[in-house]
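Hi everyone, thanks for making time this morning. Let me put the model up on the screen, and then we can walk through it together.

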Amino acid sequence: MNGKTFGGGDRTFVETAMVRFSVMCLVLASGCLLYAEDEPSKSATVRKLATEMVEATVRCDYARVIDRTFPPIIEELGGRKEAIEQIETVMKQMKAKGLAIKEIKVGEPGEFIVDGKETYVVVTTVSEMTSPQGTIRIKSYLLGISSDGG
């Protein structure tokens, strides 16, 4: 890293972009729905949905990503159109600084947690990005939420 700070803070732009990207992955994947009856089928379904989400991210298909996002998150971002615009802005800023997503690998879903009518599951991801300083690998997490008893 070059040591230059971003936004007057203590973080470099690359660190800030990595944090934003990791948080974005967590927020965007929170729309994964869990449909299957048994645990192995649920895991396969969640992994498939997470893979679709990250592939859409790599392809810059942010509309598809937002369409898979937990509705309250979209509302918090100002609606579908605004959410897509915010993702596009962050990704353009990253690109302008020489950052590019090369690949995102999806791990196996974790334990399914049921709380009332909602089911939660965490999926580990490893993102590989290129930067002027070299390759960056980021471990982050996607959160799947089902409100239909999935």
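Helices and strands here are DSSP runs, numbered from the N terminus: H or I over at least four residues for a helix, E over at least two for a strand. By that rule the chain has five helices and four strands. Starting at the N terminus, the order is α-α-α-α-α-β-β-β-β.

A word on where this comes from. This is a predicted model, in which local features need pLDDT of at least 70, side-chain atom pairs count only at pLDDT 80 or more, and totals for chains, interfaces and linings use all residues. Residues are numbered from 1 along each chain as its sequence is written, and side-chain values use heavy atoms, with hydrogens and water left out.

Let's begin with the inside. I'll call a residue buried under 20% relative accessible area, exposed over 50%, and partly exposed in between, using a 1.4 Å probe and protein chains only. Of the chain's 150 residues, 41% count as buried. In soluble globular proteins, nonpolar side chains tend to be buried together. A nonpolar core, for us, is a set of buried Ala, Val, Leu, Ile, Met, Phe, Trp, Tyr and Cys residues joined through side-chain atoms within 4.5 Å.

Which residues touch the most other members of the largest core? They are Ile-66, Met-91, Met-94, Val-123 and Met-129, out of 23 residues in that core. At least two residues each come from helices H2 (39–58), H3 (62–67) and H5 (80–96), and from strands S1 (100–109), S3 (118–131) and S4 (134–146). H5 gives the largest share, six residues.

So let's look at H5. The expected span of a helix is 1.5 Å times one less than its number of residues. For the 17 residues of H5 that gives 24 Å, and the end C-alpha atoms are 24 Å apart, so the two agree. Its buried residues are Ala-83, Ile-84, Ile-87, Val-90, Met-91 and Met-94. They lie on the same side of H5 because they cover an arc of only 130° around the axis, where the arc is taken from the directions from the helix axis to the C-beta atoms. On the face turned away from that buried side you'll find the exposed Lys-81, Lys-92 and Ala-96. Just after H5, Gly-98 has a positive phi of about 90°.

Now, over to H2, where Val-46 is found. Val-46 counts as buried because its relative accessibility is 1%. Its C-alpha atom is 10.0 Å from that of Leu-143, although the two are 97 residues apart along the chain.

On to the strands, which pair if DSSP finds at least two bridges between them. S1 and S3 run antiparallel and are joined by seven bridges; Pro-109, for instance, has Val-123 in S3 as its bridge partner. Strand S2 (residues 113–115) also pairs with S3 in the antiparallel sense, over three bridges. That hairpin has two residues between the strands, and Gly-116 takes a positive phi near 65° there. S3 and S4 are antiparallel too, with 13 bridges, one of them between Thr-124 and Tyr-141 in S4. They also form a hairpin, with two residues between them.

One last contact: the charged end of Lys-42 sits over the ring of Phe-112, 5.4 Å from its centre. The cut-offs there are NZ of Lys or CZ of Arg within 6 Å of the ring centre and within 35 degrees of the ring normal. Thanks for listening!
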